[in-house]
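Subject: Structure handover

Hello,

Here is the structure for you to look through. Please open it first, then read my notes below.

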Amino acid sequence: MTAQSVILPLPSDHARFIVLRLKNLSLEALKDKLEELFTTRDRLITQHPHAQIKTGVAFGPELWTKLSEAPQGFSQLEPIQGSFTMPVVPADVLIHIASARSDICFALSQAFFEGIQDQVEVLDERVCFRNFDGRDLTGFIDGTENPQFKDDRAETALLGEDAGIFEDGSFVFAQRYAHDLDKWKKLKVDTQEQVMGRTKLESIELDDDVKPDNAHVARTVVEDEDGEELEILRHSLPYGDGRGDQGLFFIAYTKDLTRIDQMLVRMFGTSGDGIHDRLLHFVTALDGAYYFAPSEELLEEVL
Ligand code: HEM
């Protein structure tokens with residue numbers, strides 16, 4: 001089977017994320033609108049073959065059970081109340097649109113919403129961009145330790161043959177963060193590097209003897225019982241206006257949501273070792289939810 005097109009390729013320069021609840025929109029009407037979105041996407045791909053047009057559509061656990069049975073290990077994210085609060089805002093549908101061109105992301109959003117604007121509750125429509133050489137707005141390169149090659153990306157993100165009809169589907173975690181860049185900029189660069197656990201210019205990991213236990217990369221590296229690192233496939237991108245509403249739309253694809261669960265309890269300070277991620281003093285999680293992005297074939301079948 002085939003993963004949805006946005007998952008495996010490296011990110012393009014522009015993305016739009018649409019997070020919504022159905023409100024008055026019927027399931028049938030949602031299916032029609034998604035079909036329309038794909039028709040527009042395919043037409044634009046033909047007209048603009050170099051625009052790297054890709055999409056991913058994922059469903060929250062509640063809506064997904066109305067479309068099909070649930071893959072093993074799929075349930076809603078749990079909120080965390082630790083050193084920091086991690087909210088959960090469940091949604092029905094997450095649409096991930098990516099392209100080398102922002103006008104194309106816009107056109108696809110327009111195609112999807114046409115005629116249903118009043119029937120859905122839009123929790124978020126985020127316009128995101130690649131910032132310089134793939135840097136988060138903190139100035140640090142985001143994605144260095146992401147699996148880079150297609151096989152590794154597939155191995156990390158996609159459900160395997162043993163998942164039956166869910167093969168080549170992927171679980172998704174999306175969470176918007178707001179950055180307090182004024183507070184962040186008051187830190188000297190070497191302190192910022194201690195917060196992230198990597199150098200700012202070249203994204204070189206700090207040596208274990210100088211990397212603090214509460215550095216972001218120290219909190220987000222999780223391992224299995226054999227000491228093997230449990231990776232996820234991140235596609236996060238910055239968003240913002242010039243005045244200060246700025247941050248990161250965090251999104252990761254994974255074959256196993258317990259990896260994300262583990263990272264989040266380690267970040268927010270409820271993993272039991274009394275440590276939380278120091279990065280959370282500078283960024284705030286505003287929402288968060290789990291989704292399932294079925295393979296192209298299963299998506300076509302449920303639609
Ligand atoms: C505002 C929020 C966040 C920012 C600015 C951020 C930024 C970064 C940066 C700069 C790196 C180092 C470079 C790299 O390997 O990509 C990194 C690594 C990483 N982050 Fe985040 N991140 C954020 C939230 C999260 C969340 C919520 C998770 C997981 C649930 C996460 C998981 C990871 C992982 C797994 C790594 C790689 C660790 C390694 O293997 O060394 N991050 N992040």
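Let me start with one residue, F132. It has 8 C-beta neighbours inside 10 Å, so F132 counts as exposed. Its place is the loop between β6 (121-129) and α4 (150-157). The phi of F132 is near 45°, which is a positive value in a residue other than glycine. Please keep in mind that this is a predicted model.

D168 makes a useful pair with F132. D168 is not a glycine, yet its phi is positive, at about 65°. This residue lies in the loop between α4 and β7. Is D168 buried or exposed? It has 24 C-beta neighbours inside 10 Å, so D168 counts as buried.

**The whole protein**

Now step back. The protein has nine helices and 12 strands. Its radius of gyration is 19 Å, close to the 19 Å that the globule rule gives for 303 residues, so the protein is as compact as a globular protein of that length. The C-alpha trace spans about 55 × 45 × 35 Å along its principal axes. Of the 303 residues, 40% are buried. Take the contacts between residues at least 6 apart in sequence: 77% of them join residues at least 24 apart.

**Strands β1, β2, β5 and β6**

Begin with strand β1 (residues 14-21). Seven of its eight residues are buried, so β1 is largely enclosed by the rest of the structure. Which strands does β1 pair with? One is β5, which runs antiparallel to β1 and is joined to it by seven bridges. Here H14 has S99 of β5 as its bridge partner. Another is β6, paired with β1 in the antiparallel sense over eight bridges. In that pairing, R21 is matched with E121 of β6.

Strand β2 (residues 54-59) also pairs with β5 (residues 93-99). The two run antiparallel, and six bridges join them. To find one such bridge, look at V57, whose partner in β5 is I95. Five of the six residues of β2 are buried, so β2 is largely enclosed by the rest of the structure.

**Strands β7 and β12**

Next, look at β12 (289-293). Five of its five residues are buried, so β12 is largely enclosed by the rest of the structure. Both faces of this strand are covered. On one side are A289, Y291 and A293; on the other are Y290 and F292. Strand β12 runs antiparallel to β7, and five bridges join the two. Among the partners, F173 is matched with Y290 of β12.

Follow the chain on to P294. It is found in the loop between β12 and α9 (296-302). P294 has 28 C-beta neighbours inside 10 Å, so it counts as buried. What does P294 touch, if residues up to four places away in sequence are not counted? The answer is G169, L299 and V302. Also find L159: it is 135 residues from P294 along the chain, but their C-alpha atoms are separated by 9.5 Å.

**The nonpolar core**

In soluble globular proteins, nonpolar side chains tend to be buried together. With that in mind, look at the largest nonpolar core here, which has 71 residues. Which members touch the most other members? They are F17, A58, L94, V172, A174, Y290 and Y291. Helix α8 (residues 257-268) gives this core its largest share, six residues.

F17 is a good residue to inspect by hand. Leave aside its neighbours within four places in sequence. F17 is then in contact with L94, H96, D124, R126, C128, A174, F249 and I251.

**The ligand**

Last comes the ligand. How many residues surround the ligand? There are 25, and the closest are F140, T144, E145, Y177 and T220. By class, this shell has 13 nonpolar, eight polar and four charged residues. Four elements each supply at least two of the shell residues: β7 (170-179), α7 (216-220), β10 (246-254) and α8. Helix α8 thus appears in this shell as well as in the core.

Best wishes

Technical notes
Residues are numbered from 1 along each chain as its sequence is written. This is a predicted model: local features need pLDDT of at least 70, side-chain atom pairs count only at pLDDT 80 or more; totals for chains, interfaces and linings use all residues. A nonpolar core is a set of buried Ala, Val, Leu, Ile, Met, Phe, Trp, Tyr and Cys residues joined through C-beta atoms within 7 Å. A residue is buried if 20 or more other C-beta atoms lie within 10 Å of its own, exposed if 12 or fewer, and partly exposed in between; C-beta atoms are placed from the backbone. Two residues are in contact if their C-beta atoms, placed from the backbone, lie within 7 Å. A residue is near a molecule or strand if its C-beta atom, placed from the backbone, lies within 6 Å of it. Ala, Val, Leu, Ile, Met, Phe, Trp, Tyr, Cys and Pro count as nonpolar, Asp, Glu, Lys and Arg as charged, and the others, Gly among them, as polar. The radius of gyration is taken over C-alpha atoms; the globule rule is 2.2 Å times the number of residues to the power 0.38. Two strands pair if DSSP finds at least two bridges between them.
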